[in-house]
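Visitor: I would like a close look at a single part of this protein, chosen so that its surroundings can be followed residue by residue. Please set that part in the context of the whole chain as you go.

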Amino acid sequence: MTDNSAPGVTGAEYVVRALAAEGTTSLFMVPGGHNDPFMTPMTHVDGVQTVVAAHEGGAAYMADGWARATGRTGVAFGIGGPGIFNMVTALASSHADRVPVLAISGEVPVTWEGRGGFQDATTPSLDDVAVTRPVCDVSIRAESSQLLGHHLRTLLLHARNRLAPVHLSIPLDIQRAVVPREWSVLPPAEALRDSQDANATDRLLGVLESPATIAILAGPGVVHGDAAAELVRCAEAWHIPVANTLGAKGVMPEDHPLSVGTFGYAGSRWATDLLLSGAVDVLIVVGSGLSQRDTLQWDRRMLPNRALVHVDADPTLIGRLWPADVPVASAPGPLFASLTSADGSAGRGLAAGRERRIALVDKIKAAGTRDYDEQTRTSRQVPLHPAAVIAAARRALPREAVA
């Protein structure tokens, strides 16, 4: 879709209108002299709400939270130099958790670079692009109005498809320059949800031909791949217990009979007991890079007896910790769909192992409560325990609320 309704707009308005066209409804920012041109379009473009933060780090964390809640790319604005530097910690968090965030910083005019301008953070000075590169997959300075659309498109595609934070520095003269009012809406983000390695999926089905105690460890890739519903259907079809990593908390309803909760850092007793039981034959890890916190300090006791299956849309994350017996470069949705509809020898094997999986889950649940220190949820002691506060909020809020 191309908008040619006007010959041109300022670079700042072009950016805000492009973000609105991509479904960005909230922009988070801290105003400053180097991003003044954004103020007018931020308050006049339909469908966009601007939230002013007290600190650039707060704006970036808000954008991160918005991205996690909506599944779209969050956007934070600040100025160059101190503004973008204040965002670095938040962007590092987004990078670690694979959250798509676009940080946009205003910069001194191109003709001022390295000439002692106030808060100059260009390459000859503090070089904010170099500072953000370690925590952003891509960091670009737009030094031509003709390239502004190209850079913005590249960064949005990269953030969405790589699930990573990115940074765009826009000098003041580029913000004010007239650029063609033309933005082609990005194609739907289907690749992450629909890509599938058919041969690898066949190898996985081959592993399941014999009856097995199977468990699924779901990571944030399941959330980003919009595959939570497919995960539940797959688990229910074959009675497969599901643990989640901290970054995927809530991907499966925690009151579902097949959910054993969070494994790893701040995890639940049931998830820990299941994955460290030594009784799991096939562990299917989906959408997790198996970080230190997702593996209880890389505890090898979670490795299964027969096969470790590692599934991720990003093949660079597969096998970076432990070699996968079955590496599967696939989006989670198609993988779960293939398992749910498995027939033939794989279907017979999955069905034959159902009773042993039921027995293992029942045994773990009978051994103790789901969570450690369960009493903290109902504690009335002052000061209030955080678990009691969250439990009370959960009871008061609608089921789909984020608490």
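Guide: What follows is a walk around helix 12 and its neighbours, set within the whole protein and then followed by a few other sites.

The model is a predicted one, and the protein in it has 17 helices and 14 strands. With 403 residues, a compact globule would be expected to have a radius of gyration near 22 Å, and the 24 Å found for the protein agrees with that. Along the principal axes, the C-alpha atoms fill a box of roughly 70 × 55 × 35 Å. Buried residues make up 50% of the 403 residues, and among contacts with a separation of 6 or more, 71% come from residues 24 or more positions apart. The accessible surface comes to about 17,800 Å², with 55% of that area belonging to carbon and sulfur atoms. The side chains include 34 positive and 41 negative ones, and the centres of these two sets lie 6 Å apart.

Helix 12 spans residues 228–238, and its buried residues are Leu 231, Val 232, Cys 234, Ala 235 and Trp 238. Seen down the helix axis, these buried residues fall within an arc of 165°, so they line one face of helix 12. An α-helix has 3.6 residues a turn, so residues three or four places apart point the same way. The cover over the buried residues of helix 12 is drawn from several elements: strand 9 (214–218), helix 11 (220–224) and strand 10 (242–244) are among them, as are helix 14 (332–340), helix 15 (344–352) and helix 16 (354–367).

At the two sides of helix 12 along the chain, the backbone deserves attention. Most residues other than glycine have a negative phi, and most peptide bonds are trans. Asp 226, in the loop between helix 11 and helix 12, has a positive phi of about 55° although it is not a glycine. With a relative accessibility of 54%, Asp 226 counts as exposed, because the cut-off for that class is over 50%. Just after helix 12, His 239 likewise takes a positive phi, of about 55°.

Among the elements that cover helix 12, helix 15 has a buried side of its own, made up of Ala 346, Gly 347, Gly 349 and Leu 350. Around the axis these residues cover an arc of only 160°, which puts them on the same side of helix 15. Their cover includes helix 12 in turn, together with helix 10 (198–207), strand 9, helix 14 and helix 16.

Helix 16, which contributes to the cover of both helix 12 and helix 15, holds Arg 357. Arg 357 is buried, with a relative accessible area of 1%. Leaving out residues up to four places away in sequence, Arg 357 touches Trp 238, His 239, Ile 240 and Pro 241, as well as Ala 212, Thr 213, Ile 214 and Leu 350. Its contacts thus include Trp 238, one of the buried residues of helix 12, and Leu 350, one of the buried residues of helix 15. By contrast, the C-alpha atoms of Arg 357 and Val 16, which are 341 residues apart along the chain, are separated by 52 Å.

Beyond helix 16, the chain enters the loop that leads to helix 17 (386–396), where Thr 376 lies. Thr 376 counts as buried at 17% relative accessibility, because the cut-off is under 20%, and beyond its neighbours within four places in sequence it is in contact with His 385, Ala 387 and Ala 388. Pro 383 lies in that loop between helix 16 and helix 17 as well, and the peptide bond from Val 382 to Pro 383 is cis, with omega near 0°.

Two further sites complete the picture. Ser 94, in helix 5 (residues 88–97), counts as buried at 0% relative accessibility, and its contacts beyond four places in sequence are Asp 64, Val 99, Val 101 and Pro 165. Trp 298, in the loop between strand 12 (282–286) and strand 13 (307–312), has a positive phi near 55° and counts as partly exposed at 43% relative accessibility.

Conventions
Residues are numbered from 1 along each chain as its sequence is written. This is a predicted model: local features need pLDDT of at least 70, side-chain atom pairs count only at pLDDT 80 or more; totals for chains, interfaces and linings use all residues. Side-chain values use heavy atoms; hydrogens and water are left out. Helices (H or I, at least four residues) and strands (E, at least two) are DSSP runs, numbered from the N terminus. The radius of gyration is taken over C-alpha atoms; the globule rule is 2.2 Å times the number of residues to the power 0.38. Buried means under 20% relative accessible area, exposed over 50%, partly exposed in between (1.4 Å probe, protein chains only). Contact means heavy atoms within 4.5 Å. Accessible areas come from the Shrake-Rupley method with a 1.4 Å probe; for residues, only the protein chains shown count as cover. Lys and Arg count as positive and Asp and Glu as negative; His and the chain ends are not counted. The place of a charge is taken as NZ of Lys, CZ of Arg, CG of Asp or CD of Glu. The arc is that of the directions from the helix axis to the C-beta atoms.
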